[in-house]
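Subject: Structure handover

Hello,

Please find the structure below. My notes on what was found in it follow.

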Amino acid sequence: MPSFLLPDALNTKRQGNHGSMSLQPIEEFSSSFVHERIPTNTQSRCVHKSTKSVLAFLCMFMHGFLVLLHLVLLALSISAVEHHFVTSGNDAWMSVIGVSTRVFYALYCLILVYLVQRLTLYRNLTRHQKLTVLHDNVNAWSGLGSALQCLWQQSSTTGSSWWIASIATYLGCVFALHVASSSILQLQAFTTTTNMSATTFSHWPGPNIDMEGLQWHTISAIIPSLGHFTSSLNAGLNGATLYDTVQADGATGNVTVDATTFQAECGLLHNSELSYTPKLNANQFGDYVLGPQVSGNEQTRKWQARLVPPYQNQLVVSLSMSDFFPGPTIVFVVPMSIDIDDSLKSATIQHMNWEYQSESPQAPIISTVLDAYLIGCNINVEHHKAKVDMEGQLLALLPPPVLSPPSDWKAWTAPKGDNIRDNWLPPEVLGQYRRNRNWLSYPFRSGAMHPVKICMTQSQATCYGISLLELYFMEEIGLPVVLNEKDSRPPPPSGPKKVLCSRHQFESSLSKIFASLLWTGAKLGSDAGGFDPISSSIVVSRQVVKWHLNINSWPLAVALAASFTMLVLSIYMSGGIRQQQNRISIDSTGILQIIWLTNRLRVLKDLMNKVDDPREDVLRSAGMLEVDLLQELSSERSSTNDLMDNDSQGQE
């Protein structure tokens, strides 16, 4: 029999001064108990009856409670009541839940195994069965591996296969509970939405911003390089649309903000409404004619002024002509060919002069006719709402775009409306309009200039410069221009002219440039030559990650099946409460109990005397002898007590 179980109590007394007791032969050792009165069977049963009943009741109760606990968890899982336990941080709670469930199941299963083991031991010791079967039934409780080994050995032993299989199944269920316990209760992540206050920044200039006073030299020099930045760095700018950016740490999802889209509307100016007629050898002076449709006055105006036209296949912004318009209009001088019909061509073409003089001091001035067009562009804006992705600060949704206008060029028309200033300025800026109306041409003519100037003659009055913004605009519409020192005195224009791009491409590129100018000015801030963006508060939604308690179905199903199986097996192996009637005087099957039983029971002493080889198979073969330990001990105890009574009467 195994020696892993320690005895709970032995009905012996230590001799001497509680020191070590020397080993004696079995005959001599047994004689020391002759004068010791052994309690009768009735007395022993009374002493252990209450303990036995408590163990049996506790075993049944704890197994039933475990099954009931899993049924309650199953009901909670179906109703999802446990999801109401919500926490913001999972590190501490995850550790607490994981450790507590594992500790609970480990201690609970430890108690269950102890109770079932004790009760099955009591029942096996009182059954009429073979010694080898008793050995296997007791040894199987050493562990799951030992139970499987004993089950394997049943091929040569009959009578205990079902019992060993029950023990192995019970210990397997305990192992399943250990595995499933760590994942029955867990914290599951989910996202929820909460409101938070955020700050929005508008890239639209405020009412007190002097647009003419901005450092357009710095702002315009940055525009050509914006296309090299990633979209995340251009937050607040999307093509020709400016939109508010939102500063809110941790905010997710989309938020509705204010947006402004530039829409340029361009057309050819009639030479009857605005024209320039140069005079020969007048140092680029000529006559201006300004009609009522452009100026908004009732009469036509005429005066003399200087105008240096751009070279063929180039374009420049005319600051002086743009000032003629009371509305948000910018004028381009374009000495190129435009795909229009003859009637519109004759009504819009401007005849100018290009004068050429070589570097020789006495070289004559050669005058050449240069046909050009004046293109007026009304810069309109549309204020609307847009949705912005909080994570990347990029536009997520814009209103449906207005249908693209036809690409054919047409004549310029004045902005519609009672107050043409309303077309691009917000209401709070209307009082500042007169001061800011000319800023549309300032980025082009007052911005960063290319170092190479183009001159007609030796007189500086015939020179003009091209800004970096004009070069960038020409590149955007398909007119790349590369200037170097030799281009400062070009020859008289000759050869076929290039054809200007479509009106839609011209308007789209110009709209994007104006949006980029305001966005760059707001990014630079007032300290760097721009203007400070307007900030305001807004309530946004933020998605936060939280954790709620969750009962996992599959681990719970495994635990429920294992606990129910353990309940059934505990009733089967222990015999329940009612079958725990008889009780043997020993409480364990250790080495001391084996010596005590062998010394007390002659049948065991005679059996062991016949075995000379202690190998497992020999001992198992010899143990195939049916015994009833309870009956044998009762008979031995009765004879011993009778002998002690006779000795007492003889001494008297």
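I begin with the strands. Strand β7 (residues 254-268) pairs with strand β14 (residues 366-389) in the antiparallel sense, over 15 bridges. Strands here are DSSP runs of E with at least two residues, helices are DSSP runs of H or I with at least four residues, and both are numbered from the N terminus. Two strands are taken to pair if DSSP finds at least two bridges between them. Across the pairing with β14, E265 stands opposite N378.

Before going further, note that this is a predicted model, in which local features need pLDDT of at least 70 and side-chain atom pairs count only at pLDDT 80 or more, while totals for chains, interfaces and linings use all residues. Residues are numbered from 1 along each chain as its sequence is written, and side-chain values use heavy atoms, with hydrogens and water left out.

Strand β14 has further pairings. Strand β12 (residues 329-334) runs antiparallel to β14 and is joined to it by six bridges. In β14, L374 is the residue that V333 stands opposite. Strand β13 (residues 349-356) also pairs with β14 in the antiparallel sense, over eight bridges. There, H351 has D371 of β14 as its bridge partner.

The loop between β13 and β14 contains I365. With a relative accessibility of 40%, I365 counts as partly exposed; the classes are buried for under 20% relative accessible area, exposed for over 50%, and partly exposed in between (1.4 Å probe, protein chains only). The C-alpha atoms of I365 and W354 are separated by 9.9 Å, and the two residues are eleven apart along the chain.

Next, the cysteines. How many disulfides does a search of the whole structure find? The search finds two, where a disulfide is a pair of cysteine sulfur atoms within 2.5 Å. C266 is joined to C377, with an S to S distance of 2.0 Å. C266 lies in strand β7 and C377 in strand β14, so this disulfide ties together parts that are 111 residues apart in sequence. The torsion about the S-S bond of C266 and C377 is about 110°, so the disulfide is right-handed. Both C266 and C377 are buried.

The other bond joins C455 to C463, with an S to S distance of 1.8 Å. The torsion about the S-S bond is about 110° for C455 and C463, so this disulfide is right-handed. C455 is buried, with a relative accessible area of 11%, and C463 is buried with a value of 15%. When the bonded cysteines of the protein are numbered in sequence order, the pairing reads 1-2, 3-4.

Why does C173 have no bond to C109? The sulfur in C109 is the closest cysteine sulfur to that of C173, but at 9.9 Å it is too far for a bond. C173 counts as buried, at 9% relative accessibility. C59 is buried too, with a relative accessibility of 0%.

Two serines also deserve a note. S202 lies in strand β3 (residues 185-202) and counts as buried at 16% relative accessibility. The side chain of S202 reaches the backbone nitrogen of W204 at 3.3 Å. The side chains of S202 and D244 are joined by a polar contact of 3.4 Å. A polar contact is a pair of N or O atoms within 3.5 Å; within protein, one must be able to donate a hydrogen and the other to accept it, and residues adjacent in sequence count only if both atoms are side-chain atoms.

S318 is found in the loop between β11 (316-317) and α9 (319-322). At 5% relative accessibility, S318 is buried. A polar contact of 3.4 Å links the side chain of S318 to that of S320.

Last, the surface. Which residues form a nonpolar patch there? The patch is formed by L68, L71, V72, L74, L76, I78 and V81, which together have about 590 Å² of accessible area. Patches are made of residues with over 30% relative accessible area and no salt bridge, with like charges joined within 9 Å and nonpolar side chains (Val, Leu, Ile, Met, Phe, Trp, Tyr) within 5 Å. A salt bridge is a side-chain nitrogen of Lys or Arg within 4 Å of a carboxyl oxygen of Asp or Glu. Accessible areas come from the Shrake-Rupley method with a 1.4 Å probe, and for residues only the protein chains shown count as cover. L71 lies in helix α2 (residues 41-79) and counts as partly exposed, at 41% relative accessibility.

Regards
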